[in-house]
Amino acid sequence: MENIAVIFWSGTGNTAQMAAAVVEGTGGQAKLINVIDTNADEAAQYDKLALGCPSMGDEVLEEDEFEPFFTALEGRLAGKKVALFGSYGWGDGQWMREWAERTKKDGAILVAEPLIVNLTPDAAGKQLCRDLGAALANA
């Protein structure tokens with residue numbers, strides 16, 4: 001069985017709720033990890049990754065914890081199956097489009113379209129997260 005990690009950063013709890021639903025969608029196969037509790041070396045050991053980060057500031061990844069983690073992970077994603085998700089409160093998803101491009105340039109295989117949910121995920125948003133987790137587990 002392939003090992004799966006759902007690694008996230010959340011400031012308000014919205015992306016944390018999304019991450020928990022992604023884990024549910026994997027059938028509980030994935031390990032839920034807050035980015036502050038891991039590093040790129042550990043993350044690179046997983047076969048499949050779901051990465052979650054909300055839009056911050058001028059539609060960028062969170063700059064103190066998640067961006068440094070992802071920058072260190074870049075170059076280690078080639079051939080890995082990856083899912084991206086995050087919440088936002090403004091903008092049109094530019095941070096996610098740029099993040100997806102970075103991920104693809106690294107050679108990762110995105111298993112589904114990146115998922116963004118406005119603010120707190122409602123029941124439909126949580127279902128989309130579970131669907132994303134299932135897509136990752138079945139990829």
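In this predicted model, the side chains of Ser87 and Thr15 are joined by a polar contact of 3.0 Å. Ser87 belongs to strand β4, which covers residues 81-88. With a relative accessibility of 5%, Ser87 counts as buried, because the cut-off for that class is under 20%. Leaving out residues up to four places away in sequence, Ser87 touches Asn14, Thr15, Met18, Cys53, Pro54, Ser55, Trp95, Val117 and Leu119.

**The largest pocket**

Ser87 also appears in the lining of the largest pocket, where it is among the residues closest to the centre, together with Thr12, Asn14, Pro54 and Ser55. This pocket holds about 190 Å³ of space, and 15 residues line it. Two elements, α1 and β4, give two or more residues each to that lining. Of the residues named as closest to the pocket centre, Asn14, Pro54 and Ser55 are also in the list of residues that Ser87 touches.

**Aromatic pairs**

How many aromatic pairs does the structure hold? There are four. One of them is formed by Phe70 and Trp99, with 5.9 Å from centre to centre and 90° between the planes, an edge-to-face arrangement. This pair links distant parts of the chain: Phe70 is in helix α3 (residues 66-73) and Trp99 in helix α4 (residues 94-105), 29 residues apart. Phe70 is buried, at 0% relative accessibility, and Trp99 is buried as well, at 1%. Another pair is made by Tyr88 and Trp95, whose ring centres are 6.2 Å apart; their planes stand at 45°, so this pair is tilted. Trp95 has a relative accessible area of 2% and is buried. Trp95 is also one of the residues in contact with Ser87.

Phe70 and Trp99 belong to one aromatic cluster, which they form with Phe66 and Phe69.

**Nonpolar cores**

Which residues have the most contacts inside the largest nonpolar core? They are Ile7, Leu49, Leu51, Phe66, Phe69, Leu73 and Trp99, in a core of 25 residues. At least two residues of this core come from each of β1 (4-8), α2 (40-43), β3 (48-52), α3, β4 and α4. Trp99 itself touches Leu51, Gly52, Cys53, Leu61, Phe66, Phe70, Leu84 and Phe85, not counting residues up to four places away in sequence. A second core, separate from the largest one, has 18 residues, including Ile4, Val22, Ala30 and Leu136.

**Loops and positive phi angles**

Thr26 sits in the loop between α1 (14-25) and β2 (30-34). At 3% relative accessibility, Thr26 counts as buried. Beyond residues up to four places away in sequence, Thr26 touches Gly133, Ala134 and Ala137.

Two other loop residues have a positive phi although neither is a glycine: Glu59, at about 55°, and Leu119, also at about 55°. Glu59 is located in the loop between β3 and α3, while Leu119 lies in the loop between β6 (115-118) and α5 (123-138). Are these residues buried or exposed, or partly exposed? Glu59 is buried, at 11% relative accessibility, whereas Leu119 is partly exposed, with a relative accessible area of 46%. Leu119 is among the residues that Ser87 touches.

**Asn118 and Lys105**

Asn118 is placed in strand β6 and is partly exposed, with a relative accessible area of 39%. Its side chain reaches the backbone oxygen of Tyr88 at 3.4 Å. Apart from neighbours within four places in sequence, Asn118 is in contact with Tyr88 and Gly89.

Lys105 lies in helix α4. What makes Lys105 count as exposed? Its relative accessible area is 73%, and the cut-off for exposed residues is over 50%.

The table gives two C-alpha separations, one for Lys105 and one for Asn118.

| Residues | Apart in sequence | C-alpha to C-alpha |
|---|---|---|
| Lys105 and Glu74 | 31 residues | 9.2 Å |
| Asn118 and Asp131 | 13 residues | 17 Å |

Terms used: Residues numbered from 1 in each chain as written. Predicted model: local features only at pLDDT ≥ 70, side-chain atom pairs only at ≥ 80, totals over all residues. Heavy atoms only, no water. Helix = DSSP H or I, 4+ residues; strand = E, 2+ residues; numbered from the N terminus. Buried < 20%, exposed > 50% of the residue type's maximum accessible area, 1.4 Å probe, protein only. Polar contact = N/O pair within 3.5 Å; in protein donor to acceptor, adjacent residues only side chain to side chain. Contact = heavy atoms within 4.5 Å. Phe/Tyr/Trp six-rings, centres within 6.5 Å; stacked < 30°, edge-to-face > 60°. Core = buried A, V, L, I, M, F, W, Y, C linked by side-chain atoms within 4.5 Å. 1 Å grid on protein atoms, 1.4 Å probe; cavity = no way out; pocket = protein on both sides within 12 Å on 5 of 7 lines; lining within 4 Å. Points joined across faces, edges and corners; volume = space filled by probe spheres on them.
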